[in-house]
Amino acid sequence: MDRPMVVGVDGSEASLRAVDWAADEAALRGVPLHVVHASLWERYEHAVFPTGREPPSEKLLTDVLAVAAAKRARARVPGLEVTTEVVPEGPVSVLRRAARKAAALVLGSRGRGSAAELLLGSVSLAVAGRADGPVIVVRGDADDPSGARTREGPVVVGVPDGLADSAAVRFAFREAARRGVPVEAVRAWHRPPHETTDHPRFTGASAQMHRQRAVEALETGLRAPTDAHPEVEVRRRIVGGQARTVLLDTSARAALLVVGARHPHGRFGLHIGRVTHAVLHHALCPVAVVPEEEAP
């Protein structure tokens with residue numbers, strides 16, 4: 001049986017946009033949508049309610065949020081199978097468990113209350129850095145929060161170094177095949193500062209060496225997924241510059257931006273590098289964070 005799409009909701013506007021996006025994705029895959037609300041989410045995010053109003057009871061929030069989100073999803077995609085679950089735990093542990101059984105876990109880009117003042121909600125960041133399955137954080141243009149203008153854009157993926165069979169690249173190709181759009185495979189390169197020299201001959205040779213390494217890494221990373229999905233058009237991009245800057249530039253015209261998160265054995269805490277952290281905070285399209293397994 002195909003795994004459902006799972007969406008985490010907390011009642012914020014960002015999580016409602018995530019419901020819309022998740023409903024569309026569930027319909028695209030032909031799978032059910034499962035709505036999850038962790039009833040301690042507000043406590044986790046240190047929710048701040050408007051002055052002069054009493055905060056709604058936890059019981060009321062618990063009863064209303066998941067049901068309202070499910071109703072919204074059914075209205076958006078008539079006939080979609082939608083289930084709900086309310087769990088009396090903190091959201092990070094609940095959503096991490098949900099991600100293990102999901103085709104993908106979808107989250108909003110901001111949380112409720114005080115955490116909404118941050119660029120990325122603390123729950124979304126924590127789950128994206130620790131989940132064992134793909135996590136999609138729904139970001140987008142403020143003038144086009146549903147991402148309607150970019151749904152026909154390419155699926156952009158940052159091709160990692162040293163991985164001949166990247167889970168993130170495989171995920172990107174599957175998503176592009178479902179949508180009938182190209183994959184834009186990006187590999188950035190730059191010359192480290194310590195290699196700077198005033199001699200133009202050596203400067204050019206150093207730059208060419210790093211660019212060639214990027215070309216080889218890109219071709220290595222694309223070999224397996226292009227064989228598996230020959231129907232997907234592949235656009236290769238080798239760009240000089242910082243990877244996070246290059247990926248953020250592409251996000252304005254992408255349907256989805258896919259990056260990997262490496263989970264080293266024996267390490268705890270967030271497993272998000274600088275590139276993934278940057279795109280989660282600043283991308284102009286939804287961002288899929290796909291865990292990459294590393295050897296012990």
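This is a short talk on one protein chain, going from the overall picture to a few elements and residues.

Good morning, everyone. Please keep in mind throughout that this is a predicted model, and that the mean pLDDT of the protein chain is 82, with 75% of its residues reaching 70 or more. There are stretches to read with care: over residues 46-52 pLDDT stays under 50, and the model has eight contacts beyond four places in sequence for them. Residues 113-119 also stay under 50, and for that stretch the model has 16 contacts beyond four places in sequence.

Let me begin with the whole chain. Its secondary structure comes to nine helices and 10 strands, and of its 296 residues, 50% count as buried. If we take the contacts between residues at least 6 apart in sequence, 79% of them join residues at least 24 apart. As for the outside, the chain exposes about 14,100 Å², and carbon and sulfur atoms supply 53% of that area.

Now to the strands, and to β5 in particular, which covers residues 135-138. Which strands pair with β5, and in which sense? Strand β4, residues 104-108, runs parallel to β5 and is joined to it by four bridges, while strand β10, residues 287-293, pairs with β5 in the antiparallel sense over three bridges. To find these pairings in the structure, you can look for G108, which stands opposite V138 in β5, and for I136, which stands opposite A288 in β10.

It helps to recall that in a regular strand the side chains alternate between the two faces of the sheet. In β5, V135 and V137 lie on one side and I136 and V138 on the other, and all four are buried, so both faces of this strand are covered.

Next comes helix α1, residues 13-29, where we can make a small check. At 1.5 Å a residue, its 17 residues should span 24 Å, and because the end C-alpha atoms are 25 Å apart, the model agrees with that expectation. Buried residues in α1 include A14, A18, W21, A22, E25 and R29. After the helix comes G30, whose phi is positive, near 70°.

One residue of α1 deserves a closer look, namely S15. Is S15 buried or exposed? S15 is buried, because its relative accessible area is 3%, and the cut-off for buried is under 20%. Its side chain makes a polar contact with the side chain of D10, at 3.1 Å. Leaving out residues up to four places away in sequence, S15 touches G8, V9, D10 and G108, and G108 is the residue we just met opposite V138 in β5.

Finally, let us turn to T250, which lies in helix α8, residues 243-250. Its relative accessible area is 0%, so T250 is buried. What lies around it? Not counting residues up to four places away in sequence, T250 touches V156, E184 and R237. A polar atom of the T250 side chain also lies 2.7 Å from the backbone oxygen of L247. Going further along the chain, T250 and L284 are 34 residues apart in sequence, and in space their C-alpha atoms are 8.7 Å apart.

To close, I would suggest finding β5 between its two partners, β4 and β10, and then tracing from G108 to S15 in the structure. Thank you, and I am happy to take questions.

Notes
Residues numbered from 1 in each chain as written. Predicted model: local features only at pLDDT ≥ 70, side-chain atom pairs only at ≥ 80, totals over all residues. Heavy atoms only, no water. Helix = DSSP H or I, 4+ residues; strand = E, 2+ residues; numbered from the N terminus. Buried < 20%, exposed > 50% of the residue type's maximum accessible area, 1.4 Å probe, protein only. Contact = heavy atoms within 4.5 Å. Polar contact = N/O pair within 3.5 Å; in protein donor to acceptor, adjacent residues only side chain to side chain. Expected span 1.5 Å × (residues − 1). Areas by Shrake-Rupley, 256 points an atom, 1.4 Å probe, with all protein chains shown as cover. pLDDT = per-residue confidence, 0-100. Pairing = 2+ DSSP bridges.
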